[in-house]
Amino acid sequence: VASANSAGINNLLLLSGTLKEDEDKYFESTEQLRVCSTKWDKINTGAAVNPFKYSVNSSFAQYLKMIQKINSGAKFITTQAGLDMRKYDEVLRFCTHREITVPLIARLSLISHDCLPMITNLQMEPGVPLSREISSLILRELNEAQDHSSFMNIQLRRLCLQINACALMGYSGVQIKGIKNAVELHQVMIRMRTCM
């Protein structure tokens, strides 16, 4: 955080991360947020929430932790990336009903061939489940596509529809995972405007 601050970076998304071999305990994001808010009050710190949980206990555990992160100094919240638009809506409704007003950023993913092993294992990323129906749909799209380009066109369209849906729902912004170059970014921007 000190290095980021001295480099002029003032927006940080703080995550617990993955344990290294010599570590046995996470530096929890709630504690990271507390430390940042006391030492570096000019840094805009954010935290993550995973709304892609499908039992009541798991969902409310995520939302309780999100509230703890906000109380610890998170000034914005970013969701994990998923494909279930009902869950993006659910986290917004949860915040609205509890008058939580920090900006919410939806993390979205451009699905590419690199994602297929995770999708086959019914995951978008570790800890984010994917339904069998969605996984089957994506694999069917891959099989029916004539080539790599037509498969990517389908995925770009899905991403653009998700971006617009998040904007219409009331998200403050989106963070897009999986765009690999300026050409893909340009295509997303053009298609997003067309879809809107």
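1. Asn50 is placed in the loop between β2 and α3; helices here are DSSP runs of H or I with at least four residues, strands are runs of E with at least two, and both are numbered from the N terminus. The model is a predicted one, in which local features need pLDDT of at least 70 and side-chain atom pairs count only at pLDDT 80 or more, whereas totals for chains, interfaces and linings use all residues. Residues are numbered from 1 along each chain as its sequence is written, and side-chain values use heavy atoms, with hydrogens and water left out.

2. Asn50 counts as buried because its relative accessibility is 7%; buried means under 20% relative accessible area, exposed means over 50%, and partly exposed lies in between, with a 1.4 Å probe and protein chains only. With neighbours within four places in sequence left aside, Asn50 is in contact with Gln62, Gln80, Gly127 and Val128, where contact means heavy atoms within 4.5 Å. For one of these residues, Val128, the C-alpha atom is separated from that of Asn50 by 7.4 Å, although the two are 78 residues apart along the chain.

3. As to the overall architecture, the protein has eight helices and seven strands. Its radius of gyration is 18 Å, which agrees with the value near 16 Å that a compact globule of 196 residues would have; the radius is taken over C-alpha atoms, and the globule rule is 2.2 Å times the number of residues to the power 0.38. Taken along the principal axes, the box filled by the C-alpha atoms is roughly 55 × 40 × 40 Å. Among contacts between residues at least 6 apart in sequence, 72% join residues at least 24 apart.

4. Regarding surface and charge, 38% of the 196 residues count as buried. The accessible surface comes to about 11400 Å², and carbon and sulfur atoms account for 53% of it; these areas come from the Shrake-Rupley method with a 1.4 Å probe, and for residues only the protein chains shown count as cover. There are 22 positive and 18 negative side chains, and the centres of the two sets lie 5 Å apart. In this count Lys and Arg are positive and Asp and Glu negative, while His and the chain ends are not counted; the place of a charge is NZ of Lys, CZ of Arg, CG of Asp or CD of Glu.

5. The largest nonpolar core has 45 residues, and those with the most contacts inside it are Met66, Ile77 and Tyr171. The elements that each supply at least two residues of this core include α3 (56-71), β4 (104-109) and α8 (182-195). Helix α7 gives the most, with seven residues. Such a core is a set of buried Ala, Val, Leu, Ile, Met, Phe, Trp, Tyr and Cys residues joined through side-chain atoms within 4.5 Å. In soluble globular proteins, nonpolar side chains tend to be buried together. Outside its neighbours within four places in sequence, Ile77 is in contact with Ala47, Val49, Met66, Ile70, Val102, Pro103, Leu104 and Ile105.

6. Leu156 is found in helix α7 and is buried, with a relative accessible area of 3%. Apart from neighbours within four places in sequence, Leu156 is in contact with Leu110, Gln187, Val188 and Arg191. The C-alpha atoms of Leu156 and Ile179 are separated by 10.0 Å, the two residues being 23 apart along the chain.

7. Ser135 belongs to helix α6 (residues 132-144) and is buried, with a relative accessible area of 3%. Its contacts, again without neighbours within four places in sequence, are Ile119, Thr120, Leu122 and Leu130. Ser135 and Asn57 are 78 residues apart in sequence and 25 Å apart in space, C-alpha to C-alpha.

8. Two backbone angles may be noted. Leu122, in the loop between α5 and β5 (123-125), has a positive phi of about 60° although it is not a glycine; at 22% relative accessibility, Leu122 counts as partly exposed. Glu99, in the loop between α4 and β4, has a positive phi of about 55° and is likewise not a glycine; at 69% relative accessibility, Glu99 counts as exposed.

9. Asp114 lies in the loop between β4 and α5 and counts as exposed, at 58% relative accessibility. The C-alpha atoms of Asp114 and Gly173 are separated by 25 Å, with their positions 59 residues apart along the chain.
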